[in-house]
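New to this one? Have a look at the model first, then use the notes below to find your way around.

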Amino acid sequence: MFREVNGLPGHVLVIHAVVVLVPLLALLSVAYGVLPRWRSRFGWAVAVLAVLTPIVTFVAKESGEELEKVLTGQGYPPEGLQKIREHSEYGDTLLWFTLGLAVAALLLLLVTSGLERVRRLPSWLGWALTAVVAVLAVFALVYVYRTGDSGAKMVWSNIV
């Protein structure tokens, strides 16, 4: 399922979505928290991104592991496989930060929704969740960069 799409490695196709969606989720969820006036305008986008981004990131991770298996089976050089493992570890970490960011963003949407039960929660909870979202957004952005950079260096250096 994750190996190929029309003869191309699936990983090559999916990673571009991750490179776009993770920064969008990070930036919009932070903006949603710190700009209450704009919440009605892009709350829906935060909700969609919070559901879609971890799924796409998971698919990128799984397709990368499939590509790694193919390269290992083809007798790829150990130095190249080590670089691939490092890239894979960045991808694993990125998935966890993306998942955490998505959950925190969804909680922030819930806390700021104005629902009757939510109104009874402490008023500082929205700001606390905004801080959590901001921290997770920074880590997600760092790891999307580190993962993408290590992958791009392997491709442009003819390691992969």
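Here is a quick tour, from the overall fold to the core and a pocket.

This is a predicted model, where local features need pLDDT of at least 70, side-chain atom pairs count only at pLDDT 80 or more, and totals for chains, interfaces and linings use all residues. Residues are numbered from 1 along each chain as its sequence is written, and side-chain values use heavy atoms, leaving out hydrogens and water.

**Overall fold**
- An unreviewed UniProt entry puts "domain: DUF2231" at residues 7-158; such annotations may be inferred rather than shown by experiment, and the positions follow the numbering used here, with feature names shortened.
- Over residues 7-158, the chain is 86% helix and 1% strand, with helices (H or I, at least four residues) and strands (E, at least two) taken as DSSP runs numbered from the N terminus.
- The C-alpha atoms at the two ends of that stretch sit 20 Å apart.

**Nonpolar core**
- The largest nonpolar core (buried Ala, Val, Leu, Ile, Met, Phe, Trp, Tyr and Cys residues joined through side-chain atoms within 4.5 Å; buried means under 20% relative accessible area with a 1.4 Å probe, protein chains only) has 31 residues, and V18 and L101 have the most contacts inside it.
- At least two residues of this core come from each of α1 (10-34), α2 (39-73), α3 (78-111) and α5 (125-156), and α3 gives the largest share, nine residues.
- Leaving aside neighbours within four places in sequence, V18 is in contact (heavy atoms within 4.5 Å) with P23, V56, T57, A60, L94 and V144.

Definitions and conventions:
Buried < 20%, exposed > 50% of the residue type's maximum accessible area, 1.4 Å probe, protein only.
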